[in-house]
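Notebook open, structure loaded. I want the overall picture to begin with, then a helix, then the charged pairs and the sulfur links.

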Amino acid sequence: AIVVCARQFVPRYCRGPSPPASRMPLLEAEKRVLACLLCFCAVIFGGWLVLSPLGGVADTHQLETMFLELEEELEEAQSDLREARAEASSLREALRRAGVPSPALSANSSSFYGARHSSQPASQPHAQPKAGTAVSTPAALEKIRDPCAGRPGATARGSGPRPIPGGDLEASGVLEAAFAARAVEGELIFLSVGDTRDHRRVAKDPALKDISTDFLLHLLANLRALGRENWLILSTRRLCGRLQAEHCERSCVWSTLWDDHPGLEPWRLKPGDMFLMWAQQWRYVARALELGYRVFRADTDVYFAEDPYPLLRSPLLRPFEMVVQHDFASMLDNNRRPACSAPPRRPADSAVAPGLQTCGTRPRHLALLNIGLLYVRSSPGGGAYAAINETWAAFLSKLSGPPYKPKHLNGRVESQALIDQPFMRKAVDELAAPDSASLPPKPASHWAVVSGASAHPYPAGVTCSLA
């Protein structure tokens, strides 16, 4: 994967500056969130005062875990506050543009907010407007302009993908509707991004906990510049709301799949953690294949120098049901890249590489798939479809067993044992079949090597854009 972050060319917000603070009285919901923040700070500070004298006795790992959990709760409360402020600002600006006088709502904005977000009636009646003040009506509210109208990602254009309101893919009809709205000519780019709990990055540097969102925004700008906007983003409900409110990106969904799995707590996972989300995404990729879509699954920390679809449809890659990038080299093979070990020959009737030249085999433990980029056009019953299904099934099997606690972690859980890539590598190895027609013949324990010169890497009439 190539990370390109030379400059921030994606706008952080899609609306203009918020009104001055003096014109934005706090909503009751905002006041409650602020109170929660103070409580969390008090708990963290109080916990430090109580526990610090016991430092020589207490389990430092438990203290660290407790602090991280409290810190996550604090961050969630801060996120709630940001969302509440953003929504309030958006509503007030929309009402101002529609010509709706502010006294009709701002005099009792907490009641309005409560009526929208609670099944209970507002605790106080709306303030009566002053004489001569127009009261907002449905006709007036219809004039409210969507602040994202006309922006990329929020408006349907021609035969391109349509914006979606978000939703839980486990809710009835949401998955089918999201796929249908975002796919173009049966092609779907599937992306996933978590909020802040990518343990590997946070362990290296806490400042990296939000970098996944920055990666995503750069990738979307990259794909949009290439004329590809047929993506669907699997995220958390909270982060999807931020993408919609702050970036007008109406192409995200979330999922509650396996959120109540009994293995989450022993493995130190929570809903929204990346290891869980990566497993969820493969379940949905499999579902997309069942519905007849072709899926390009990509990590967000990549950059496309050109449109990848012409290459995937080329004579060289078109015969394959699944195309996956390979790790550059491996210490298992003295850091050598895959290469031909025999003269390229075109088999008469090869199931492995129909119409292409094979030039050797490679032990399957050296076929190091890197599933950060994967394209699949299989269907139920196909080998690639089986590999996708086995990946998420292996995750569930592991999650249902005892958590992995290596000795070097002194009893702590190693949640990275749930990462998806080893699961898929094992799945494709176990599904490998022999091919006697390949030259040289390929045993089940090996992969065939195909010469890149055996067919053109671009379709007719298409050339490399970098040439």
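**Overall**

I began with burial: 42% of the 467 residues of the protein count as buried. I keep in mind throughout that this is a predicted model.

Next I pulled the secondary structure, which comes to 13 helices and eight strands.

Then I checked the contacts. Among those with a separation of 6 or more, 75% are between residues 24 or more positions apart.

For the surface, I got about 24,500 Å² exposed by the protein, with carbon and sulfur atoms supplying 57% of that area.

**Helix H10**

I picked helix H10, residues 274-290, and looked up its span. H10 has 17 residues and runs 24 Å from its first C-alpha to its last, close to the 24 Å expected at 1.5 Å a residue.

How many of the 17 residues of H10 are buried? I find 14, so H10 is largely enclosed by the rest of the structure.

I also looked at what follows H10 and noted Gly292, which has a positive phi, near 95 degrees.

**Salt bridges**

I ran the search over the whole structure and it returned ten salt bridges. The background is simple enough: side chains of opposite charge can pair when their charged atoms come close.

I started with Arg294 and Glu187, whose side chains meet in a salt bridge at 2.8 Å, N to O. Which parts does this pair tie together? Arg294 sits in strand E4 (residues 294-298) and Glu187 in strand E1 (residues 187-192), so the bridge connects parts that are 107 residues apart in sequence. I checked burial for both partners. Arg294 has 28% relative accessibility and counts as partly exposed, while Glu187, at 4%, counts as buried.

Next up was Glu246 with Arg242, a salt bridge with its closest N and O atoms 3.9 Å apart. The cut-off here is 4 Å, so I noted the distance with care. Both residues belong to helix H9 (residues 237-247), and because they are four residues apart there, about one helical turn separates them. Are these two buried or exposed? Glu246 is buried at 12% relative accessible area, and Arg242 counts as buried at 17%. Buried means under 20%, which is why Arg242 at 17% gets that label.

I then looked up Asp299, which forms a salt bridge with Arg297, the closest N and O atoms being 2.6 Å apart. Asp299 is partly exposed, with a relative accessible area of 24%. Arg297 is buried, at 3%. While on this topic I also logged a network: salt bridges that share partners join Glu176, Arg287 and Glu290.

**Disulfides**

I counted two disulfides in the structure. A disulfide is a covalent bond between the sulfur atoms of two cysteines.

One of them is formed by Cys240 and Cys252, with sulfur atoms 2.0 Å apart. What handedness does the torsion about the S-S bond of Cys240 and Cys252 give? I read about 80 degrees, so this disulfide is right-handed. Cys240 lies in helix H9 and Cys252 in strand E3 (residues 252-254), so the link ties together parts that are twelve residues apart in sequence. On accessibility, Cys240 is buried at 0% relative accessible area, and Cys252 also counts as buried at 0%.

The second entry joins Cys340 to Cys359, S to S 2.0 Å. I got -60 degrees about the S-S bond here, and the link of Cys340 and Cys359 is left-handed. Cys340 is in the loop between strand E5 (322-326) and strand E6 (358-363), whereas Cys359 is in strand E6 itself, so the pair ties together parts that are 19 residues apart in sequence. I checked accessibility for this pair as well. Cys340 counts as partly exposed at 41% relative accessibility, while Cys359 counts as buried at 0%.

My final lookup was another cysteine, Cys464, which is partly exposed with a relative accessible area of 29%.

Methods. Residues numbered from 1 in each chain as written. Predicted model: local features only at pLDDT ≥ 70, side-chain atom pairs only at ≥ 80, totals over all residues. Heavy atoms only, no water. Helix = DSSP H or I, 4+ residues; strand = E, 2+ residues; numbered from the N terminus. Expected span 1.5 Å × (residues − 1). Buried < 20%, exposed > 50% of the residue type's maximum accessible area, 1.4 Å probe, protein only. Disulfide = S-S within 2.5 Å. Contact = heavy atoms within 4.5 Å. Areas by Shrake-Rupley, 256 points an atom, 1.4 Å probe, with all protein chains shown as cover.
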